[in-house]
Amino acid sequence: MSERTYNVLFLCTGNSARSIMAEALLNHLGKGRFRAFSAGSRPTGRVNPLALKRLEKEGIPTDGARSKSWDEFASPGAPPLDFVITVCDNAAGEACPAWPGQPLTAHWGLPDPAAVEGSEGERRLAFAQAFALLERRIRLFTALNPLSLERLALERKLREIGRMG
């Protein structure tokens, strides 16, 4: 019997950088065990070019990356979600749609690299740092075996990952 695939939605306000990188990273590292999506409460409508450059530099495919509304995942016909993870403080504080299926939720806040002002090098460094933090958290997440944990224990572990720096 093969293990099931878990659907994970990463949320941020603009869906242009952190959530996009998290989606691509989990799809890459999850090796078919996880299927990741990303969305925003107020999507910018474009993916930050520095997020795409960081992913490409790390050898992670960016095909199909797009900024989209979380409404796509709360409507009929949307993929059933197992996990919903916010990666920005604004999205964590907003009233989210009612997600069908009662997915586990957690907050993995991290600084917004798209908000960094400065030289090209400083902005690229901010994206590298955000990527590194997301990669650590996603590697810990993919090491979990959701089938071996009760719901409350799994949710606790998911939230602990978000507190790791």
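**Exercise 1. Find out how many of the seven residues of strand 2 (residues 34-40) are buried.**

Solution. Work in this predicted model. Start by selecting residues 34-40, which form strand 2. Next, apply the cut-off: a residue is buried if its relative accessible area is under 20%. Six of the seven residues pass, and the strand is mostly covered.

**Exercise 2. Which way do strand 1 and strand 2 pair, and over how many bridges?**

Solution. Take strand 1, residues 6-12, and set it beside strand 2. The two run in the parallel sense, with seven bridges between them. For a concrete pair, look at C12: its bridge partner in strand 2 is G40.

**Exercise 3. In what order do the helices and strands follow each other along the chain?**

Solution. Begin with the inventory: five helices and four strands. Then walk from the N terminus and write down each element in turn, which gives β-α-β-α-β-α-β-α-α. Now turn to the contacts between residues at least 6 apart in sequence: 73% of these join residues at least 24 apart.

**Exercise 4. Why does the radius of gyration of the chain agree with that of a compact globule?**

Solution. First get the expected value: for 165 residues, a compact globule would come out near 15 Å. The chain has 15 Å, so the two agree. For its extents, the C-alpha trace spans about 50 × 30 × 30 Å along the principal axes. Finally, check the cover: 47% of the 165 residues are buried.

**Exercise 5. Describe the surface and the charges of the chain.**

Solution. The accessible surface is about 8400 Å², and carbon and sulfur atoms account for 51% of it. Counting charged side chains gives 22 positive and 18 negative, with the centres of the two sets 3 Å apart.

Technical notes: Residues numbered from 1 in each chain as written. Predicted model: local features only at pLDDT ≥ 70, side-chain atom pairs only at ≥ 80, totals over all residues. Heavy atoms only, no water. Rg over C-alpha atoms; globule rule 2.2 N^0.38 Å. Buried < 20%, exposed > 50% of the residue type's maximum accessible area, 1.4 Å probe, protein only. Contact = heavy atoms within 4.5 Å. Areas by Shrake-Rupley, 256 points an atom, 1.4 Å probe, with all protein chains shown as cover. Lys, Arg positive; Asp, Glu negative; His and termini not counted. Charge placed at Lys NZ, Arg CZ, Asp CG, Glu CD. Pairing = 2+ DSSP bridges.
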